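Colleague: Could we take a close look at a single part of this model, the surroundings of the bound ligand? Please go through it in one connected account.

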Amino acid sequence: MLSSTRNATNVQMSVLLKKQHARVGYMFYNKNNCRSVSTTSAKAAPSAPKEGTVGTTGGGVSSFTTTPKIINHSQSSNKPNVVVLGSGWGAISFLKNIDESKYNVTVVSPRNYFLFTPLLPSTPVGTVDEKSIIEPVVNFALKKKKGNVSYYEATATSINPDRNTVTIQSVSNVSQTKGDKPNLGIQQNDTCELKYDYLVSAVGAEPNTFGIPGVEKYGMFLKEIEHSLKIRKQFIANVEKANMLPKGDPERKRLLTIVVVGGGPTGVETAGELQDYVDQDLKRFMPSIAEEVQIHLVEALPVILNMFEKKLTSYAQSVLEQTSIKLELKTAVSKVEEKYLIAKTKKDDGSFTETTIPYGTLIWATGNKARKIVTDLFPKIPEQNNARRGLEVQENLLVNGSKNIFAVGDNAVAGFAPTAQVAHQEAEYLCKVFSKMSNNPSVYDELANAKDAKAIQTVFAKNGIKPFKYVHYGALAYLGAEKAIANITYGKRSFYTGGGSLTFYIWRVLYLSMILSARSRFKVIADWFKLALFKRDCFKEL
Ligand SMILES: Cc1cc2nc3c(=O)[nH]c(=O)nc-3n(C[C@H](O)[C@H](O)[C@H](O)COP(=O)(O)OP(=O)(O)OC[C@H]3O[C@@H](n4cnc5c(N)ncnc54)[C@H](O)[C@@H]3O)c2cc1C
Ligand SMILES: NC(=O)c1ccc[n+]([C@@H]2O[C@H](COP(=O)([O-])OP(=O)(O)OC[C@H]3O[C@@H](n4cnc5c(N)ncnc54)[C@H](O)[C@@H]3O)[C@@H](O)[C@H]2O)c1
């Protein structure tokens, strides 16, 4: 936990255990020796053990009860407690903009850094270094000097709207180094509950495999930094292995085949970057290997990048084909085995042909689905019972059926595409909502007493809180070979639509402007200079 009001290098615990809200948990070992946990209110429990203690109950094979700790930051001040889940686009944009003098802010995320996802496809082949596109949460927290901002490196495992808490599970061991207040005191994998007055859920989404067999086991995603490292390691290992085999050996061909599944922007940009590495680097020192590398881009729809207008998608397709990426359109992967996958292509007469594609590296980029913590919340709020893709929110980003849980970014269903620019704008907007509420604290009570969604809207409207309005600034995608496509807009007005080398430089400038920190921006510029002078750093283990 980091507290920006004190010396951040002195990791301190400024938490209080809220004894009157103690809950009782039951933990047993079932017959298969698997541990299961359930929690109930202390009031309902026949005899609540002392908070934080572990006792035993009769009946089960080695069963015992424990009381999870409840952490309540607002006990030490009268400011509302805002707990933010995540450290991605939504959460960090919220952290940057929230007025910490008006709220106690606690950020919970298993990832202690922000990741600038738009340049993630550039990292597996070393066009940009992984470290250049991440920024520690502490660097954002340190700038919040007017109040308490805390960060826990933990995974939120459950949102408990019935008692306004989030159950969190520590990723690492923590211990108190200074101060006389009780510390969080949870060991690795232990859980405790964080009390919130307002919760901002920004946990994003996770890769969707659509349940296709073999994908989880053999495919690689590109959503987090560790995915980038894994792709590089496997691809370079395959190149080295193939180099040991004679030309014409089918195993050599397999090892040098990369299949990227999903012709959305993640798949296209990743395929383009890999082809750049082959054409601009591998060709210099392993020319015979380079000419045998074959990248397939498999897309179920008849077009790639279907969020762009037809003129741009046709241009994108022609660029990819010129750079020797093989486009497999109207082709859906249905099964993945260790060394090959099966895909079905829809023919013009409506029938299907089945193809087997041997691969050495498989990158799976078919979009996202809701995370477990989000789907687990659906049954707890009646208005979310029919939700599927994420938390359905009102026009003020308040989760339908809740008066104090807001959702931003990919875990919110607000009628917009799951993009960084949406998450960023939603978080900025939400900070304005919080600012208006703090200027007129009676809103807190009015909101709490509102009977239904309509009454909530009336409270917001009465207090000058307008609905969220998204402004679309357009879309950009890198294609490889120093070419990009872009459609730059301001809302419904279009300013630039084009593709090619000039657009590639526009793409670079706009992505630099989107980076959230000066340090990261500097490092990315340095990487691009280094690329021009020395080509890519693409080492297997690094
Ligand atoms: C390769 C790639 C390139 C992209 N390029 C672009 C682009 O150019 N432009 C664009 O607009 N969009 C782009 N996107 C989409 C964009 O990254 C997402 O829309 C955006 O990240 C959504 O922000 P978010 O805050 O909702 O989620 P994320 O940024 O994914 O952040 C989620 C956070 O929640 C944390 N978390 C997860 N589970 C838990 C939990 N249980 N408890 C606590 N924390 C948790 C994660 O560690 C992470 O910190 C790209 C996406 C990818 C994968
Ligand atoms: N440059 C950018 O602006 C950028 C870059 C990356 C991601 N994003 C955003 O992030 C989100 C996710 O993007 P994404 O590219 O990861 O996913 P996506 O949902 O945009 O695209 C996934 C693609 O996979 C295809 N697909 C699904 N199942 C398949 C199967 N079995 N076989 C073959 N193809 C299959 C789908 O038809 C779809 O075209 C989107 O909102 C996107 O706009 C934006």
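**The shell around ligand 1**

Modeller: In this predicted model, the residues of the shell around ligand 1 fall into 13 nonpolar, 12 polar and 4 charged. In total 29 residues surround the ligand, and the closest are Ser 87, Gly 90, Thr 117, Asp 410 and Tyr 511. The shell draws on both domains, with at least three residues from each of domain 1 (69–177 + 185–206 + 370–463) and domain 2 (215–366 + 474–533).

Oxygen atoms of the ligand also pair with polar atoms of the protein backbone: one such pair, with Pro 418, is at 3.0 Å, another, with Trp 89, is at 3.2 Å, and a third, with Gln 421, is at 3.3 Å. Of the 1,000 Å² of accessible area that ligand 1 has on its own, the protein covers 90%. Two or more residues of the shell come from each of the elements α1 (89–97), β7 (104–109), β10 (149–160) and α10, and the largest share, 3 residues, is that of α10.

That helix deserves a closer description. Helix α10 runs over residues 420–439, and because its 20 residues at 1.5 Å a residue should span 28 Å, the 29 Å between its end C-alpha atoms agrees with expectation. Since 14 of these 20 residues are buried, α10 is largely enclosed by the rest of the structure.

Note on methods. Residues numbered from 1 in each chain as written. Chains lettered and ligands numbered in written order. Predicted model: local features only at pLDDT ≥ 70, side-chain atom pairs only at ≥ 80, totals over all residues. Heavy atoms only, no water. Helix = DSSP H or I, 4+ residues; strand = E, 2+ residues; numbered from the N terminus. Expected span 1.5 Å × (residues − 1). Buried < 20%, exposed > 50% of the residue type's maximum accessible area, 1.4 Å probe, protein only. Near = heavy atom within 4 Å. Polar contact = N/O pair within 3.5 Å; in protein donor to acceptor, adjacent residues only side chain to side chain. Areas by Shrake-Rupley, 256 points an atom, 1.4 Å probe, with all protein chains shown as cover. Nonpolar A, V, L, I, M, F, W, Y, C, P; charged D, E, K, R; others polar. Domains from an automatic or database assignment.
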